[in-house]
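Reader: I am new to this structure and would like to go through it step by step. Could you show it to me before we begin?

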Amino acid sequence: MRKAGLDLRRLAAIYAGGVLGALIRVGLAQATPHGPESWPWGTFAVNMVGALLLGYFVARLRDHPEDSVAHPFLTTGICGTLTTFATLQLELFEMIDAGHLGLAMAYLAATLGIGYVCVRAGIGLERRPRETEA
Amino acid sequence: MSPGAWVAVGLVGGAAAAARFLIDSAFASRSDHPFPLGILAINLAGTLALGLVAGAALSGQALVIVAGGAIGSFTTFSTWILDSHRLAEAGHTHLVWLNVGLSLVVGFAAIALGHWLGTAL
């Protein structure tokens, strides 16, 4: 079990990362307004970038000590908060509700497919230099 | 958006991230099973809440603070995908499909139910 003091430091790091992640995501959403008939570029961009960064940070910080604040700040804080699941579902619901089923299917397929590729690419970005050294 | 609304987005976003961590940790401490039940529960609860808020026709800065700042921050896409990737790497292929399928199907039902309830309010 971790000491309470360490948990508070982790919580504070996650809070700080969450403030940044939320401001970037909402800022981008405000800058790219869209209706149910168009591609939600703001949500799509933060989800893809967040997936890429999370893969990279998790691989990069794998050997860091458990109580380091960099890990919770970057992963659960920034990446977790920069990306969103509920907004993705609402956008899909609004597309289907407005009769744009094809757009909804394309948006879902691109989000899942490219999102998965982004996580793997993020992990790969970190691993590559070490493997060539070995 | 007023400066105060942006401050509110940041403050509730940080709180939502901390809440996600605490809830996920509570789930993780109760089970050694590899299935990411905490993130699934968080994403589905947040999706239901967003349906309610959208259906209730909350608008303007209040909508941005609650939907974008709080609920958008509480739920997560990146962790969901990374957890699925980890399950696949560990050979739990059936759990990957369960994690993706439940999130999408129950998530869509949650947004529709929330929207319907919110409209009825």
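Reader: How many helices and strands does chain B have?
Author: This is a predicted model, in which local features need pLDDT of at least 70, side-chain atom pairs count only at pLDDT 80 or more, and totals for chains, interfaces and linings use all residues. Residues are numbered from 1 along each chain as its sequence is written, while chains are lettered from A and ligands numbered from 1 in the order in which they are written. Helices (H or I, at least four residues) and strands (E, at least two) are DSSP runs, numbered from the N terminus. Along the sequence chain B reads α-α-α-α-α, and its content is five helices and zero strands.

Reader: Is A:Thr43 buried or exposed, and why?
Author: A residue is buried if 20 or more other C-beta atoms lie within 10 Å of its own, exposed if 12 or fewer, and partly exposed in between, with C-beta atoms placed from the backbone. A:Thr43, which lies in helix H2 (residues 41-60) of chain A, has 24 C-beta neighbours inside 10 Å and therefore counts as buried.

Reader: Which helix gives the most to the largest nonpolar core?
Author: A nonpolar core is a set of buried Ala, Val, Leu, Ile, Met, Phe, Trp, Tyr and Cys residues joined through C-beta atoms within 7 Å. The largest one has 63 residues, and those with the most contacts inside it include A:Leu54 and B:Leu50. The helix that gives the most to this core, with ten residues, is helix H2 (residues 37-55) of chain B.
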